[in-house]
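Biologist: I'm new to this one and would like a close look at a single part, a pair of helices. Could you start there and then walk me outward?

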Amino acid sequence: MTGPARPRVVIVDDHGLFRSGVRSELGDRVEVAGEADDVGPAIELIARVLPDVVLLDVHLPGGGGQAVVSAIRPAHPHVRFLALSASDAPEDVIAVIRAGARGYVTKTISGPDLVDAVYRVAADDTVFSPRLAGFVLDAFAALPPDGQASPRFDPELDQLTTRERDVLRLIARGYTYREIGRELYISVKTVESHVSSVLRKLQLSTRHQLTRWAAERRLT
Amino acid sequence: MDVTVIRVLFVLVTVAGGFGLAAYVLAWLLLPAAGEETNIASRALADRRGLTLAAGVGSLLVALLIIASLLGVGWFGTVAWPLVISTVGIVLIWRNASPGEQETLHRLAEPLMSQGSETHRRWTLWRTGIALVLLIWGLVTLLHTSHAVLRPLSGVALVIAAIVVAFGPWWLRIARDLVAERQARARAEERSDLAARVHDSVLQTLALIQLRANEPQQVIQLARAQERELRSWLFEGRAPGSPAGDGMTIAAGVRLIQQEVEEQHRIPVEAVTVGDCELDDDLAALLAAAREATVNAAKWSGAPVVSLFAEVEPARVSIYVRDRGRGFDPAAVPADRKGLAESVRARMERRGGTATIRSAAGQGTEVSLIMSRPAGRRQQGRT
């Protein structure tokens, strides 16, 4: 799956200063189709322009970033979301990923890296920042204690494979997908598929940690 | 054949007949020591005073033996001749042994011919006198043991007392020397630890101050920070770079490293931690090593960002410090550049951890630090 040559982007953030900052960082490598500063206007805008990628602030006044994702995803599955946040609180990040975002980066990301991340999300790839990799490793850390493993525990969804763990660890150590491929003697495509699989588990798993984080953000 | 085996054989022969000792001394005289060309006997032949002395001691001993046999102490005769030969031999060896052997001999004979102060020598004389009296008394008691069972026992006790009086102080000193040696080793280890810490904090700060010499505000800030750190180390016992206070955890320690390095080196540190646990001494050392590696990356790599990843697993804690900077050839770092070699690797190895440094010119650097956790402390796992 290759993305469009020049992705169309919508920027959703409640800080005008940040939006214009992002807009100038992205330059003309992408087409900015619009900006929104809250959940309601964002949903309306996205449904109207149907961009390739939405750069979405995790913290929005009217319900948070995941409210936008939840509203759009069912009707427009081809609109992809890249979460942006300054806070790095795991529950925020995990909540928006579980709602359906394809990746997460911090707001301190450099211009070229952000452009790169937009292109990757547009191509339906994942963007895992080291911090997100850390959160996921934490959430899937150990097997739940006996007794809590419950009938709901599904090893397909509720635990990571060794390889997925290795990939996440290298992301957390600051490796790019290309570097991870070289390190583990696998192709970049394989790295990508491992991360996609992790993302899927992250979204579908009912692990205690994940559901607790989701519950804290009132996401079910 | 082993030296000890030969010595034991000689002791057995000596006990059996008495000539073993003489044979041993003769062999000592005639066989050159390992690594030497001449034997002691050939050197002794040139030592006229030594020969005279040996002849004198030998004849004195013969005279004593004759007197003893006249007095009827019969058993003395059986060991007499070996005794004379050995004594003469030992006198010659004493004067003509190689420097190394001389030293050993002097050490062994120290309690008998102490060369200390006047009072010390007089005390030694007294001790030797008392020891001799006790020894003779003991021997005499032992030799006339026809009556009771207690007699030989008291004789043995007296002989032992004599030995203790003669050699006791010397043994004490040997024991004291051992303790002193152990203390010296501990001090050396402490010094190397201290050197690593001073390098981490004070020397680093001084280097920074030199780099920023034309920014007075910066210099003041650095100096203040260093002063605070040193004070808290000297007066509160909190080691610089290893904030091992109570309740400190790996995650908090990593955050602190991030904060300090960002503050001092103006370079973002991307820190990620997975899991958490309380610090013990090993993990404090791990953190200190990680800090050093991070500072190194911030200072030398030229990379725009340093990645710091710490993971707490049940069996071990690992920290990775990575930059995409200029890198270096780890084999080409001169031995006197203490940074990575001493502070990071040695520090880890002293605690049973490992440090791996992967780098190549132009390809960045990654320092992997791994400390395994003892089984007893694994319960407190992740957050």
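Within how many Å do the axes of α3(A) and helix α4 (residues 90–99) of chain A come, and at roughly what angle do they cross?

Modeller: Sure, but bear in mind that this is a predicted model: local features need pLDDT of at least 70, side-chain atom pairs count only at pLDDT 80 or more, and totals for chains, interfaces and linings use all residues. Residues are numbered from 1 along each chain as its sequence is written, while chains are lettered from A and ligands numbered from 1 in the order in which they are written.

Now your pair. The axes of α3(A) and α4(A) come within 8 Å and cross at roughly 5° (axes are lines fitted to C-alpha atoms, for helices over the stretch in contact, and angles run from 0 to 180 degrees between N-to-C directions). The two helices are therefore roughly parallel to each other (that label is for angles under 35 degrees; over 145 is roughly antiparallel, 65 to 115 roughly perpendicular, and the rest oblique). On the α3(A) side, A:G65, A:Q66, A:V69 and A:S70 make the contact, and they meet A:A95, A:V96 and A:A99 of α4(A) (contact: C-beta atoms, placed from the backbone, within 7 Å). Sorted by class, that gives 4 nonpolar, 3 polar and no charged residues (Ala, Val, Leu, Ile, Met, Phe, Trp, Tyr, Cys and Pro count as nonpolar, Asp, Glu, Lys and Arg as charged, and the others, Gly among them, as polar).

Step back a little: chain A has 11 helices and 6 strands (these are DSSP runs, H or I of at least four residues for helices and E of at least two for strands, numbered from the N terminus). Of its 220 residues, 45% are buried (buried: 20 or more other C-beta atoms within 10 Å of a residue's own; exposed: 12 or fewer; partly exposed: in between; C-beta atoms are placed from the backbone). Among chain A contacts between residues at least 6 apart in sequence, 68% join residues at least 24 apart.

From α3(A) we can hop to α2(A), which spans residues 39–49 and has A:V39, A:A42, A:L45 and A:I46 buried. Looking down the axis, these buried residues fall within an arc of 130°, so they line one face of the helix (the arc is that of the directions from the helix axis to the C-beta atoms). What do they pack against? The partners in chain A are β1 (8–12), β2 (31–36), β3 (53–57) and α3 (65–72). Over on the other side of α2(A), A:E44 and A:R48 are exposed. Just past the helix, A:L50 has a positive phi of about 40°.

One of those strands, β3(A), holds A:V53. A:V53 is buried, with 27 other C-beta atoms within 10 Å. Not counting residues up to four places away in sequence, A:V53 touches A:P7, A:V9, A:R80, A:L82, A:V118, A:V121 and A:A122. A:R102 is 49 residues from A:V53 in sequence, yet the C-alpha atoms are 9.7 Å apart in space.

For contrast with your pair, try α8(A) and α10(A) (residues 188–204): their axes come within 10 Å and cross at roughly 100°. That makes α8(A) roughly perpendicular to α10(A). Here A:R163, A:E164, A:V167 and A:L168 of α8(A) meet A:V191, A:H194, A:V195, A:S197 and A:V198 of α10(A). By class, this contact has 5 nonpolar, 2 polar and 2 charged residues. Buried in α8(A) are A:V167, A:L168, A:R169, A:L170, A:I171 and A:A172. These pack against β6 (127–128), α6, α9 (177–184) and α10 of chain A, together with β1 (269–274) and β2 (306–312) of chain B. After α8(A) comes A:G174, with a positive phi near 95°.

That brings us to chain B. The contact takes 12 residues from chain A and 13 from chain B. On the chain A side, α6 (130–139) and α8 (162–172) each supply at least two residues, and α6(A) gives the most, with 5. The predictor gives the complex an ipTM of 0.79 and a pTM of 0.56. Chain B averages a pLDDT of 75, with 75% of the residues at 70 or above (pLDDT is the predictor's confidence in each residue, from 0 to 100). Over residues 379–383 of chain B the pLDDT is below 50.

How values were computed
Two residues are in contact if their C-beta atoms, placed from the backbone, lie within 7 Å.
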